[in-house]
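Biologist: Could you walk me through reading a structure like this one? I'd like the general idea each time, then the case at hand.

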Amino acid sequence: MTAADTSRRNTMRYCVVFLSFVVLYIAAVLWSIRSGSVSITFGEIINIILTGDETNKVAYNVIWKIRLPRLMLSSLLGGALSLSGYLIQTFFRNPIAGPFVLGISSGAKMFLAIVTIAMNGIFKEMPLSVTVVASFVGSIMSMLLVLLFTGRVKNMSILLVIGIMIGYICSAVTDLLINFAEFTEIVNLTHWSMGSFSAATWQSVKVSCWIILPALIVVFLASKPMTAYALGEGYAQSLGVNIKLFRVLLVITTGVLSACVAAFAGPISFVGIAVPHISRLLLKTNRPILMIPATFIFGAVFCVLCDLGARMLFSPTELSISTVTSMIGAPIVIWLMISRRHKNEY
Amino acid sequence: MSIEGAADIGKLSLDSLTVGYKGVPLISDITLSLAKGEVLTLIGPNGSGKSTILKSMTRQLALISGTVYIDSRNMSVLSGKDIATKLAVVLTERIRPELMTCRELVSAGRYPYTGGFGLLTAHDKEIVERSLERVHALDIADKDVTEISDGQRQRILLARAICQEPEIIVLDEPTSFLDIRHKTELLEILSGMAKQGITVVMSLHEIDLAERISDKIVCVKGEHIAGYGTPSEIFTDENISRLYEIERGRFNALIGSVELSAPEGDIRCFVIGGCGKGIPFYRALQKAGIPFAAGIIPENDIDMITASALAGETVVCAPFSAADEHLIEKSERIIDRCEWIVDSGCPAGQYNTAADILREYAKTHGKRVLTALSDVSEIESQG
């Protein structure tokens, strides 16, 4: 087979994968917006969205104030979470790394809990900006902690164990705080610390848009050095990549993306591993220029569907989003560990 | 920064370099210079600092002092991209990228030339294919990097470096883990590149191959460079023995071969050799740990080279002449001390009449005569 044939076949594959992701996304959106305790027909939905028809006040409110913002938020945060997973995997050159596994989400959660309790007397309700900044600080701190250990241990499996332990410590501290917190805070904190898109508002959609889209652009611009970085630092450096700058950039964007998710939806497990992994398998390549958009779109699909599952599986009881994502994500991680062991890569 | 008399300084030069880790000097006063298309090889024992020198001259490690010049420009003021278009590397670090085909890995070499998103133009793709072809790797181009053998991986990494269209290529132990065929293949590709004007700097453990491929050799040992010169200056029995701390005679400068150490103890066997017939017996006896003597071999006979390293004693005659009575007498005294003699089957010809004399002498004195390699185990069993 000539190089031209291979390249044509690959292009074909990429087109098919991206097209199916988009089709899947549209299908997930339609299904999700139609599902809920209030039944509304597609005709009504289209009418409400396009013309802003308020004749059915309940349906109007359900669509505009509940389902649409929730849909937008789960898409955005799903994309951001998957992308931050992909970035961490690029950074550690390990497909099992992710913001949840390395304790970054839990770090954000812990710091946010501390800030919430400390600020309780000052604000009646936590302003979004404080939430975002607090979880960003938490994410970066736990990521730096993990990095501190990477300097000492070269073994990736040990690093993962350390990450998981950091996650446990952070969760323990959070639980401790909740034990001593006042009743009103507890309700917010426990609900939030389980992970859910249920608090979505247009305000949170807007803010996360402002955070995620610039980060997405930065990541796109960094796709070229990412390719070189995949070969190892020595080779990347010899190709002219400024390694230190690149690493800082990667840490900050990862922190921003996972902090944004943690701030608006709480910790969500395994999406950051499962989505990039499935995208990689379908694309059969790890080229950043393809993987960045693919993980983002597929992450949106994945989270919209998981959120749908969380809402509808045991309706009217709503599950936490992590309950659903863990069911799908954890087996994928086990499978990944086993198949990699097979290749003797640890 | 450019320097007066730039032409003299050559393609790549190191000026009183001190290298080491974390500011601690390991080797200092490294000064050398290479012209376009020259091959420089660093040799020296494990852990002597060959990699440190290579890493320092490719900016992977910060220099402690001194300057590296590329085309007589100080490397420390060049941008990463400038250097990348001039200098490519093949490193020892293991790479295991996720889901990357060999072709994708090679394409990464185009990095300094592509635009903001790293997309390859038709011209880039053509160079990728040419680089793959250059290392005979077109057949594995679509395989995953983790699925190929060590030999193939080394070729792909070389293709990646070639793809970078460098003027200088630096390789750290490129032949480690390769079998003899892949070693020679790789070095032949490198030597072909050098002929096309690419300057090659590498470290090798195979001193015999280093001698054959290099224009210049650097011996790395201790705090300073232990030797720098052409292969003929460096590859003397003395130098190599000192460099690697092996006994004299173990390395043969003439053919670049290395022998294991000779068995110790009283001589138990006399090998009548010559014309290369003796070598298999010397090696078998060495392996069995039986001390032996070799004779009567003309100087610079192929047997002589191995015998001088492995035999406890060697009786040597002048080339193209028969051994005189004195040498025969000397051999007979050795045979007296032996239980066995080996008749390796060297032809008598016009000059090798001594072989017959010694064989007769041994027989009449009740020594046991072996003629086949498999008989060596007989001596061993009577240990």
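Modeller: We'll go from the chain contact to the cores, the strands and a few single residues. Keep in mind that this is a predicted model.

Biologist: Let's begin with the contact. How many residues does each chain bring to it?

Modeller: Chain A puts in 27 residues and chain B puts in 28 residues. On the chain B side, α3 (80-86), β6 (87-90) and α5 (122-134) each supply at least two residues. The top contributor there is α3(B), with 4 residues.

Biologist: And how does that side of chain B divide into nonpolar, polar and charged residues?

Modeller: The side of chain B that touches chain A has 14 nonpolar, 8 charged and 6 polar residues.

Biologist: Next, cores. What's the general idea?

Modeller: Nonpolar side chains tend to be buried together in soluble globular proteins. Here, the largest nonpolar core has 81 residues, and those with the most contacts inside it are A:A228, B:A159, B:I169 and B:V170. Helix α6 of chain B, residues 150-163, gives the most to this core, namely 7 residues.

Biologist: Pick one of those for me. Which residues does B:I169 touch?

Modeller: Leaving out residues up to four places away in sequence, B:I169 touches B:A88, B:A161, B:M193, B:I198 and B:V200. There's also a second, separate core, with 79 residues, and it includes A:I96, A:A108, A:V132 and A:C170.

Biologist: B:A88 belongs to a strand, I think. How do I read the faces of a strand?

Modeller: The side chains of a regular strand alternate between the two faces of the sheet. In β6(B), B:L87 and B:V89 are on one side, B:A88 and B:V90 are on the other, and all of them are buried, so both faces are covered.

Biologist: What does β6(B) pair with, and in which sense, parallel or antiparallel?

Modeller: β6(B) pairs with strand β7 of chain B, residues 168-172, in the parallel sense over 4 bridges. To find your place in the pairing, look for B:V89, which stands opposite B:V170 in β7(B).

Biologist: Let's zoom out. Where are the domains of chain B?

Modeller: Domain 1 of chain B covers 6-247, and domain 2 covers 269-381. Taken over C-alpha atoms, their centres are 46 Å apart.

Biologist: Is there a strand in the 269-381 stretch you'd show me? Why is strand β14 of chain B largely enclosed?

Modeller: Try β14(B), residues 292-298: 6 of its 7 residues are buried, so the rest of the structure largely encloses it. One partner is strand β13 of chain B (residues 269-272), which runs parallel to β14(B) and is joined to it by 4 bridges. Within that pairing, B:C269 has B:F292 as its bridge partner. On the other pairing, 4 bridges join β14(B) to strand β15 of chain B (residues 313-317), again in parallel. There, B:A293 is partnered by B:E313.

Biologist: How does the chain get from one parallel strand to the next?

Modeller: Through helices, in this case. β13(B), helix α11 of chain B (residues 279-288) and β14(B) form a right-handed β-α-β unit. From β14(B), the chain then crosses through helix α12 of chain B (residues 302-310) to β15(B), and that crossover is right-handed.

Biologist: What about odd backbone angles? Where is B:F177 found?

Modeller: B:F177 sits in the loop between β7 and α7 (180-195) of chain B. Its phi is near 70°, a positive value in a residue other than glycine. B:F177 counts as partly exposed because it has 14 C-beta neighbours inside 10 Å. Then look at B:F320, in the loop between β15 and α13 (325-337) of chain B. Phi of B:F320 is near 55°, a positive value too. With 9 other C-beta atoms within 10 Å, B:F320 is exposed.

Biologist: One last case, in chain A. Is A:S106 buried or exposed?

Modeller: A:S106 counts as buried, because it has 29 C-beta neighbours inside 10 Å and the cut-off for buried is 20 or more. You'll find A:S106 in helix α4 of chain A, residues 104-118. Not counting residues up to four places away in sequence, A:S106 touches A:G167, A:C170, A:S171 and A:P267. The C-alpha atoms of A:S106 and A:G138 are separated by 8.3 Å, with their positions 32 residues apart along the chain.

Key. Residues numbered from 1 in each chain as written. Chains lettered and ligands numbered in written order. Predicted model: local features only at pLDDT ≥ 70, side-chain atom pairs only at ≥ 80, totals over all residues. Contact = placed C-beta atoms within 7 Å. Nonpolar A, V, L, I, M, F, W, Y, C, P; charged D, E, K, R; others polar. Core = buried A, V, L, I, M, F, W, Y, C linked by C-beta atoms within 7 Å. Buried ≥ 20, exposed ≤ 12 C-beta atoms within 10 Å, placed from the backbone. Domains from an automatic or database assignment. Pairing = 2+ DSSP bridges. Right-handed = clockwise from strand over helix to strand, strands pointing away.
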